[in-house]
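The following exercises concern the overall build of a protein and its backbone geometry. Each task is followed by a worked solution.

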Amino acid sequence: MSTYIKVPEDIEKRSFEIIEEELGEKVKSFSDKELPIVKRVIHTTADFEYADLIEFQNGAIESGMEALEKGCKIYCDTNMIVNGLSKVALGKFNSMAYCLVSDEEVIKEAKSRGVTRSIVGMEKAGKDRDTKIFLIGNAPTALYQLKEMIEKNEIEKPALVVGVPVGFVGASESKDEFKSLGIPYITINGRKGGSTVAVAILHGILYQMYKREGF
């Protein structure tokens, strides 16, 4: 009969130990607040290249923590991100995540204008002054749209943008162009990323603020 670890917190604990062991000297490249995020991204993807691709800019972690502590809304470019985030952890800080890409009005407007639902969803989210954090894991068009709105002063500067769209068309370019804004920003350089990575990054911040029971 096979023996294996069955307790969830023990599995996660051992996984993070393995990750730190395999990172070796590279752990010294990250601050005490950055390292838990890097480890959680690797835990989610089983891909150590993320340690070389992740980038933190302009006090992103501290700014994100401050916004969460005050309570805020978090706009996500996919429902997968919304569903993946811990409702319990967010609720501890009176924060909530939402997505508009499946909203009927967004779908209708995007079709009539011939643009992506991600663009229209971002336009609407940007008008909500309680939305302080943006998690973009799928659509480069969402990151481009957010950039344009910030440049035109159509939106208050976000407390944190996690820009990690994945793919081959505009993903890498949109991440690079966003860097010029000086916004608190966490990104994955290049083509890699995705909704699960966006979730891992925010959880990497949240779980430094909130101690889960049993972990």
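**Exercise 1.** Determine what share of the residues in the protein is buried.

Solution. The model is a predicted one. A residue counts as buried when its relative accessible area is under 20%. By this cut-off, buried residues make up 52% of the 215 residues. The accessible surface comes to about 10900 Å², and carbon and sulfur atoms contribute 49% of that surface.

**Exercise 2.** Assess whether the radius of gyration of the protein agrees with that of a compact globule.

Solution. For 215 residues, a compact globule would have a radius of gyration near 17 Å. The value for the protein is 17 Å, so the two agree. Along the principal axes, the C-alpha trace spans about 60 × 35 × 30 Å. The protein contains 11 helices and six strands. Of the contacts between residues at least 6 apart in sequence, 67% join residues at least 24 apart.

**Exercise 3.** Describe the phi angle, the location and the exposure of Ala 46, and then those of Asn 94.

Solution. Most residues other than glycine have a negative phi. Ala 46 has a positive phi, near 55°. This residue lies in the loop between α2 (34-45) and α3 (50-53). The cut-off for exposed is over 50%; Ala 46 is therefore exposed, at 67% relative accessibility.

Asn 94, also not a glycine, has a positive phi of about 55°. Its place is the loop between α6 (87-92) and β3 (96-98). Because its relative accessible area is 68%, Asn 94 is exposed.

**Exercise 4.** State how many positive and negative side chains the protein has, and how far apart the centres of the two sets lie.

Solution. There are 29 positive and 33 negative side chains. The centres of these two sets are 3 Å apart.

Technical notes:
Residues are numbered from 1 along each chain as its sequence is written. This is a predicted model: local features need pLDDT of at least 70, side-chain atom pairs count only at pLDDT 80 or more; totals for chains, interfaces and linings use all residues. Side-chain values use heavy atoms; hydrogens and water are left out. Helices (H or I, at least four residues) and strands (E, at least two) are DSSP runs, numbered from the N terminus. Buried means under 20% relative accessible area, exposed over 50%, partly exposed in between (1.4 Å probe, protein chains only). The radius of gyration is taken over C-alpha atoms; the globule rule is 2.2 Å times the number of residues to the power 0.38. Contact means heavy atoms within 4.5 Å. Accessible areas come from the Shrake-Rupley method with a 1.4 Å probe; for residues, only the protein chains shown count as cover. Lys and Arg count as positive and Asp and Glu as negative; His and the chain ends are not counted. The place of a charge is taken as NZ of Lys, CZ of Arg, CG of Asp or CD of Glu.
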